[in-house]
Amino acid sequence: MRMRHGIAPWHGRIGSGSGFTLIEVMIALAILAMTIPILLGLRNRDVDLAGYARQMTKATFLAQEKLFETEQLGFLPIGEQAGDFTLPPPGFPVGFQATDRASGFRWTRTVLTTPFTSIREIRIRVSWSRGAGEEAVELSTYAFSETKA
């Protein structure tokens with residue numbers, strides 16, 4: 001090859017030929033453009049699931065609290081009671097300022113009969129609104145009457 005005026009002849013490639021072509025760069029950008037919205041959607045779903053887990057955990061603790069309260073009340077009559085969480089939890093002083101400590105959560109306590117007269121089934125259901133529907137946690141236990149023979 002002959003050089004004229006100190007400039008090497010150009011053969012269509014610059015450097016050693018290890019660069020990317022325009023079509024390779026365009027394909028890489030197209031793949032990236034398709035995956036970013038998917039990844040962002042997964043991130044949003046993650047945030048939603050974390051909020052749901054937080055509500056589920058809170059509802060479970062509230063249901064356990066109601067079960068403890070039910071144990072303290074003794075052998076309950078058959079029936080259903082419902083309410084919210086404005087009253088202080090068991091063990092707090094009587095003068096405790098009543099506020100809605102679990103806003104949006106409601107409880108239902110259902111006392112049912114069993115084949116045995118000295119045993120009652122107790123179901124505690126804690127529910128809350130989520131979107132257009134309702135979610136709930138339900139715990140169940142049995143209460144025994146301590147009648148002396």
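These legends accompany close-up views of a predicted model.

**View 1. Confidence across the predicted protein.**
The mean pLDDT of the protein is 83. A score of at least 70 is reached by 79% of the residues. Confidence is highest in strand 2, residues 105-113, with a mean of 94. It is lowest in helix 1, residues 22-73, where the mean is 88.

**View 2. Helix 1 from end to end.**
Helix 1 is built from 52 residues. Its first and last C-alpha atoms lie 77 Å apart. That is close to the 76 Å expected at 1.5 Å a residue. Just after the helix comes Gly74, with a positive phi of about 90°.

**View 3. The buried residues of helix 1.**
Gly51, Ala59, Leu62, Ala63, Glu65, Lys66, Leu67, Glu69 and Thr70 are the buried residues of this helix. They pack against three strands: strand 2, strand 3 (119-130) and strand 4 (133-144). The set includes charged side chains, among them Glu65, Lys66 and Glu69.

**View 4. Surroundings of Thr70.**
Thr70 sits in helix 1. Its relative accessible area is 3%, so it counts as buried. With neighbours within four places in sequence set aside, Thr70 is in contact with Leu76, Arg109, Ile122 and Ile124. One of these partners, Arg109, lies in strand 2. Arg109 is itself buried, at 4% relative accessibility.

**View 5. A nonpolar patch on the surface.**
Eight side chains make a patch of about 850 Å². They are Phe20, Leu22, Val25, Met26, Leu29, Leu32, Ile36 and Leu40. Ile36 belongs to helix 1. It counts as partly exposed because its relative accessibility is 42%, between the 20% and 50% limits.

**View 6. Salt bridge between Arg130 and Asp48.**
The model holds five salt bridges. In one of them, the side chains of Arg130 and Asp48 meet at 3.2 Å, N to O. The pair links distant parts of the chain, 82 residues apart. Arg130 is in strand 3, and Asp48 is in helix 1. Both ends are partly exposed: Arg130 has a relative accessible area of 26%, and Asp48 has 36%.

**View 7. Salt bridge between Arg109 and Glu69.**
Here the N to O distance is 3.9 Å. Arg109 lies in strand 2 and Glu69 in helix 1, so the bridge ties together parts 40 residues apart in sequence. Both partners are buried: Arg109 is at 4% relative accessibility, and Glu69 has a relative accessible area of 18%. The value for Glu69 falls under the 20% limit, so this residue counts as buried. Arg109 also appears among the contacts of Thr70.

**View 8. Salt bridge between Arg125 and Glu134, and a shared network.**
The closest N and O atoms of Arg125 and Glu134 are 3.4 Å apart. Arg125 is partly exposed, with a relative accessible area of 33%. Glu134 is exposed, with 53%. Elsewhere, salt bridges that share partners join Lys66, Glu69 and Arg109 into one network. Lys66 and Glu69 are among the buried residues of helix 1. Arg109 reaches the network from strand 2.

Key
Residues are numbered from 1 along each chain as its sequence is written. This is a predicted model: local features need pLDDT of at least 70, side-chain atom pairs count only at pLDDT 80 or more; totals for chains, interfaces and linings use all residues. Side-chain values use heavy atoms; hydrogens and water are left out. pLDDT is the predictor's confidence in each residue, from 0 to 100. Helices (H or I, at least four residues) and strands (E, at least two) are DSSP runs, numbered from the N terminus. The expected span of a helix is 1.5 Å times one less than its number of residues. Buried means under 20% relative accessible area, exposed over 50%, partly exposed in between (1.4 Å probe, protein chains only). Contact means heavy atoms within 4.5 Å. Patches are made of residues with over 30% relative accessible area and no salt bridge: like charges are joined within 9 Å, nonpolar side chains (Val, Leu, Ile, Met, Phe, Trp, Tyr) within 5 Å. Accessible areas come from the Shrake-Rupley method with a 1.4 Å probe; for residues, only the protein chains shown count as cover. A salt bridge is a side-chain nitrogen of Lys or Arg within 4 Å of a carboxyl oxygen of Asp or Glu.
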